[in-house]
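Trainee: Could you take me through the salt bridges of this protein, slowly and step by step? I would like to understand what sits where.

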Amino acid sequence: MTERELLYVKTVADEKSLSKAAQKLFLTQPSMSVCIQKIESNLGIKLFKRTSNGLILTFAGERYYQIATDILKIYSDFEIEVSDINNLKKGRITLGITVYLATHILPVILPAFKKRCPNIEVLIIEKNSTELDRSLSSGEIDFAIMHTLPFHEHVHNLTTDIYPLHRDPLVLVTKKDHPLRQFALTQDGREYPQLDLSLCEDEPFIMLHPEQKIRQITDLILNKANIRPVIALTTKSYETARRLACEGIGITLVPRQYLNIFPGSFYPDYYFIDEKHSPYWTMCVAVQKNAYVSKAAQLFIHMVNDKFGSTSIELNRAKEEL
């Protein structure tokens, strides 16, 4: 099995189509078809079967795919190591990051990184945190900057090492002078007053999409407060949720770190939530377990940690606590 053959089978499996795989690899469809047939002939077994949903892997194909993925990752790691041998004179890092963290972090870090490593190519993959988990597992990205659950909610991950950067609270957002305001408690030295979340039981909620980490953590918080929310509407944008809450469509939960990304004319009221509900998430760096982390990637991660983190990152091992 050559590297090219491994790549052909993996791409066809990912795309579920000979024509799409051929287009992605800059081949003609007939050429791709002949290559796959040759691979199957040499193996003496079928790797794909046709269905109404496109080409899917046979049992043997699934094993080939897994091995191909592992071998191609080894090739990729070797290329990164060669870049290190060349003292970062050339190379590439593939960074996964959420859209809003990209807005917050990259304008600060990327110019400084490019000044120090002008010949290192930086590929940026923007997805939500759940999608980034999958991209790490598949080897699509070298590392991710994203959010994860509070440490006591975090399930031990067999495929990913998590390095915490910063714990950020989620705040409750209501329209200005909402009737709930009368129950808020002002605390010395705190930016916002605190509100008993149980008072929100009958309020309509504006929620994020269920696949997004903000929604998952919001669900955890409301569950701890024994609230089954009446959902006024669902959106994929926390900023849309924040602005709609400002207009009185409902109330919502938004990470404190995100409040200053979009300045404008929408000024709601914000409230901290009691610590017993674990109202926070953790910004983190996530790396595929046992993966090689290049010097360029390590430098980028440490620059992010120096500017935005509150912990010391050791990339040779995962932290046990978040």
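Mentor: Happily! Let's begin with a term: a residue is called buried when its relative accessible area is under 20%, exposed when over 50%, and partly exposed in between. Keep in mind that we are looking at a predicted model.

Start with helix H1, residues 3-15, which holds both Asp14 and Lys10. Their side chains meet in a salt bridge, at 3.0 Å from N to O. The two residues are 4 positions apart, about one turn of the helix. Lys10 has a relative accessibility of 17%, so Lys10 counts as buried. Asp14, at 37%, is partly exposed.

Now for a pair that joins two helices. Lys213 and Asp133 form a salt bridge of 3.5 Å, N to O. Lys213 belongs to helix H7 (residues 213-224) and Asp133 to helix H6 (residues 129-138), so this pair ties together parts that are 80 residues apart in sequence. Lys213 is buried, with a relative accessible area of 9%, while Asp133 is partly exposed at 26%.

Helix H8, residues 238-246, brings us back to a pair within one helix: Glu239 and Arg242 are 3 residues apart there, about one turn. Their salt bridge spans 2.9 Å from N to O, and both residues are buried.

Salt bridges can also link up: Lys176, Asp177, Arg181 and Asp269 are connected in a network of them. For the wider picture, the count for the model comes to 16 salt bridges, and the protein chain carries 38 positive and 38 negative side chains.

Definitions and conventions:
Residues are numbered from 1 along each chain as its sequence is written. This is a predicted model: local features need pLDDT of at least 70, side-chain atom pairs count only at pLDDT 80 or more; totals for chains, interfaces and linings use all residues. Side-chain values use heavy atoms; hydrogens and water are left out. Lys and Arg count as positive and Asp and Glu as negative; His and the chain ends are not counted. The place of a charge is taken as NZ of Lys, CZ of Arg, CG of Asp or CD of Glu. A salt bridge is a side-chain nitrogen of Lys or Arg within 4 Å of a carboxyl oxygen of Asp or Glu. Buried means under 20% relative accessible area, exposed over 50%, partly exposed in between (1.4 Å probe, protein chains only).
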